[in-house]
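Visitor: I am new to this structure and would love a tour. Could you take me through it step by step?

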Amino acid sequence: LFRSQAIKALNAYMPLYILSPSQGRGLKPHYAQLMRIFVVVPDAPLQIILTPQVQPGPPPCPVFFPEKPEIPLPPDGLWVLRLPYSYVTEAGPCYPPKENQQLMSCKVLRGVVKAVTQ
């Protein structure tokens, strides 16, 4: 049961922004931004590889990725992947969404964590 849920989660898109449950005083919606991904690597014959790719806006916004596309994690540890607060291209910044319809296009692409048995 847990294995199938883990595989499903690893192969899904993660939203970069979600509608915040606390709206504050104004009528304008507030968004929460995904800032960290925590990964626990067991002491087992398993290789965990991070392949983070983020699309912070709807197309034509580019996909951002680290200089090293695959990051292997050593066993037996807790690792934190910190995501940027803002995303900028040569053409300027990629602004956060202003309406709910754009939220699904702002995402961490599927396959951010790969598990390979050794």
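Visitor: What percentage of the residues of the protein count as buried?
Guide: Welcome! Please keep in mind that this is a predicted model. A residue is called buried when its relative accessible area is under 20%. The protein has 118 residues, and the share that counts as buried is 27%.

Visitor: How many helices and strands does the protein have?
Guide: Starting at the N terminus, the elements run α-β-β-β-β-β-β-β-β-β-β-β-β. The C-alpha atoms fill a box of roughly 50 × 35 × 20 Å along the principal axes. The count for the protein is one helix and 12 strands.

Visitor: What share of the contacts with a separation of 6 or more is between residues 24 or more positions apart?
Guide: Contact here means heavy atoms within 4.5 Å. Taking the contacts in the protein with a separation of 6 or more, the part that joins residues 24 or more positions apart is 70%.

Visitor: In what order do E5, E7 and E12 lie in their open sheet?
Guide: Let us build it up from the pairs. E5, residues 46-50, pairs with E12 in the antiparallel sense over five bridges, while three bridges join E5 to E7, also antiparallel. The edge strands, pairing on one side only, are E7 (71-73) and E12 (113-117). From one strand to the next the twist averages 30 degrees, and the order is E7-E5-E12.

Visitor: Which residue of E7 is the bridge partner of Ile49?
Guide: Strands of a sheet pair through backbone hydrogen bonds, either parallel or antiparallel. On the E12 side, Ile49 stands opposite Lys114, and Ile48 stands opposite Ala115. Over in E7, the bridge partner of Ile49 is Pro72.

Visitor: There is another open sheet with E1, E6 and E11; which are its edge strands?
Guide: This sheet has three strands in the order E1-E11-E6, with antiparallel pairing. E6 and E11 (residues 107-108) pair over two bridges, and Val54 has Val108 in E11 as its bridge partner. The strands that pair on one side only are E1 (14-15) and E6 (54-55).

Visitor: Which residues have the most contacts inside the largest nonpolar core?
Guide: In soluble globular proteins, nonpolar side chains tend to be buried together. The largest nonpolar core here has 19 residues. Inside this core, the residues with the most contacts are Leu16, Val39 and Leu83.

Visitor: Which strand supplies the largest share of this core?
Guide: E4 (36-41) and E5 each supply at least two residues of the core. The largest share is three residues, and the strand they come from is E4.

Visitor: Which residues does Leu83 touch, leaving out those up to four places away in sequence?
Guide: Leu83 is among the residues with the most contacts inside the core. Two residues that Leu83 touches, Val54 and Val108, are also bridge partners of each other. The full list is Leu16, Leu34, Met35, Ile37, Val54 and Val108.

Visitor: How far apart in sequence are the parts tied together by Glu70 and Lys114?
Guide: Side chains of opposite charge can pair when their charged atoms come close. A search of the whole structure finds one salt bridge, and the side chains of Glu70 and Lys114 meet in it at 3.9 Å, N to O. Glu70 lies in the loop between E6 and E7 and Lys114 in strand E12, so the pair ties together parts separated in sequence by 44 residues.

Visitor: Why does Lys114 count as partly exposed?
Guide: Partly exposed is the class between buried, under 20%, and exposed, over 50%. Its salt-bridge partner Glu70 is partly exposed at 42% relative accessibility. Lys114 counts as partly exposed because its relative accessible area is 38%.

Visitor: Which residues form the aromatic pair?
Guide: The whole structure holds one aromatic pair. The pair is tilted, with 5.2 Å centre to centre and 55 degrees between the planes. One partner is in the loop between E6 and E7 and the other in strand E9 (residues 87-89), 23 residues apart. They are Phe64 and Tyr87.

Visitor: Is Tyr87 buried or exposed?
Guide: Its partner Phe64 counts as partly exposed, at 22% relative accessibility. Tyr87 has a relative accessible area of 3%, and the cut-off for buried is under 20%. Therefore Tyr87 is buried.

Note on methods
Residues numbered from 1 in each chain as written. Predicted model: local features only at pLDDT ≥ 70, side-chain atom pairs only at ≥ 80, totals over all residues. Heavy atoms only, no water. Pairing = 2+ DSSP bridges. Helix = DSSP H or I, 4+ residues; strand = E, 2+ residues; numbered from the N terminus. Axes fitted to C-alpha atoms, helices over the stretch in contact; angles between N-to-C directions. Core = buried A, V, L, I, M, F, W, Y, C linked by side-chain atoms within 4.5 Å. Buried < 20%, exposed > 50% of the residue type's maximum accessible area, 1.4 Å probe, protein only. Salt bridge = Lys/Arg side-chain N within 4 Å of Asp/Glu carboxyl O. Phe/Tyr/Trp six-rings, centres within 6.5 Å; stacked < 30°, edge-to-face > 60°.
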